[in-house]
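Here are some quick notes to read alongside the model. Have the viewer open while you go through them.

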Amino acid sequence: MDSYSLLERRNNVLSHNPPIANNNLTSHGSSWCWAVCALHAFLLLGVIAWTYTTNPRRRAFHYFSTAILLVATIYYFVLASNLGGHGVFVEFRHHGLVRRTREVFWVRWIGYFINFSLIFFALLLLSGVGWASILFTIGLSMLWAVMFLVGGQVGSSYKWGFFVFAVLIYFFIIWQVLGVARSYARRVEPSVHKIYFALAAWVLGLMALYPVCWGLSEGGNSIQVDSESVFYGVLDILSQGIFALLLVLATRNLDFDRMELGFTDYGRIRDHDNWRDSIHQEKASRTVPAESGGGSYTGGTAPGVSAPGVVPPAHV
């Protein structure tokens, strides 16, 4: 075996997972997906290392970034392996080919279903908006992904109905993120509002390009699956990989206690000693001056006031 053959690298994924449609991912598209997968994995390892060198009270957004990068790494592994898709009869059959089919990756939209939910969860948690708005926006992002997922499986013109629903949902998301939640971010402090608006505008601007890519690929069948993979890949790197990195960078110096994000070192359930100390402190804070005698009274019923169901003794 010569030295050239030792250095040569081939992507033989299609020999293990063969094409399933006429317009199918090729080895070039698979190699691109492997590169995107590797990039997200590299960022994931960096954020994990950063997380465990950060004070536990300041890890909230590190966890969001870790989850986003982990999901992106997994679904790009599936895409690069030419899995997670099936052949769909297309509405527009170019080049005069009858019964032309296209490989549509449903796994991509499952990844978006999870990741955009995490992205908007992190953003709205940063804004300080209420839980009802957070949950509503997360639900909208899930429905947005489902509309494109279902529409991609339809071979007739009815797929464009799902496209229209997804675009309308996108405008609802804009209203929630840049309208409702942004007004709350202004109340926290100027630095939080600045960070929130910059990250939200970044995500929503990139999110507006996903319908364009869907219309050219799963919808209109105008570009090859390899070109589709490059288009989606660039969007995913910017909207998920780079966003995850920006999220931890931009929030590293925020006042987590003021934002009520300073989660305790010992978790949600305190140990016995901390619990006992907190009880003593709470009782001390309830100490009130006695009505007479110059002393003080801690807890229970104030002097001169009868407890329910107890008859006070008669004065002598």
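The points below go from confidence and overall make-up to a few local spots.

1. Confidence first. This is a predicted model, with a mean pLDDT of 82 for the protein. Of its residues, 78% reach 70 or more.

2. Two stretches deserve some caution. Over residues 3–8 pLDDT stays under 50, and the model has 1 contact beyond four places in sequence for them. Residues 288–311 also stay under 50, though here the model has 20 contacts beyond four places in sequence. I'd keep those 20 contacts in mind with that pLDDT alongside.

3. On the overall make-up, the protein has 11 helices and 4 strands. It runs to 316 residues, and 41% of them are buried. If you look at contacts between residues at least 6 apart in sequence, 72% join residues at least 24 apart. The accessible surface is about 17,000 Å², and carbon and sulfur atoms account for 66% of that.

4. Where does strand 2 sit? Residues 101–105 make up this strand, and 5 of the 5 are buried, so the rest of the structure largely encloses it. Its side chains split two ways: Thr-101, Glu-103 and Phe-105 point to one side, while Arg-102 and Val-104 point to the other. Both sets are buried, and that includes Glu-103 and Arg-102.

5. Which strand pairs with strand 2, and in what sense? The partner is strand 1 (residues 85–89), and the pairing is antiparallel, over 5 bridges. For a handy register marker, take Gly-87, which stands opposite Glu-103 in strand 2. Glu-103 is also one of the buried residues from the previous point.

6. Over to the surface. Leu-45, Ile-48, Tyr-52 and Tyr-63 make a nonpolar patch of about 440 Å². One of these, Ile-48, belongs to helix 3, which covers residues 27–51. Ile-48 has a relative accessible area of 32%, so it counts as partly exposed, given that the class runs from 20% to 50%.

7. Last stop, a loop. Ser-156 lies between helix 6 (131–152) and helix 7 (159–188). Is Ser-156 buried or exposed? Neither label fits: its relative accessibility is 32%, so it is partly exposed. If you want a distance to check in the viewer, the C-alpha atoms of Ser-156 and Gly-219 are separated by 9.6 Å. Along the chain, those two residues are 63 residues apart.

Methods. Residues are numbered from 1 along each chain as its sequence is written. This is a predicted model: local features need pLDDT of at least 70, side-chain atom pairs count only at pLDDT 80 or more; totals for chains, interfaces and linings use all residues. Side-chain values use heavy atoms; hydrogens and water are left out. Buried means under 20% relative accessible area, exposed over 50%, partly exposed in between (1.4 Å probe, protein chains only). Contact means heavy atoms within 4.5 Å. Accessible areas come from the Shrake-Rupley method with a 1.4 Å probe; for residues, only the protein chains shown count as cover. Two strands pair if DSSP finds at least two bridges between them. Patches are made of residues with over 30% relative accessible area and no salt bridge: like charges are joined within 9 Å, nonpolar side chains (Val, Leu, Ile, Met, Phe, Trp, Tyr) within 5 Å. A salt bridge is a side-chain nitrogen of Lys or Arg within 4 Å of a carboxyl oxygen of Asp or Glu. pLDDT is the predictor's confidence in each residue, from 0 to 100.
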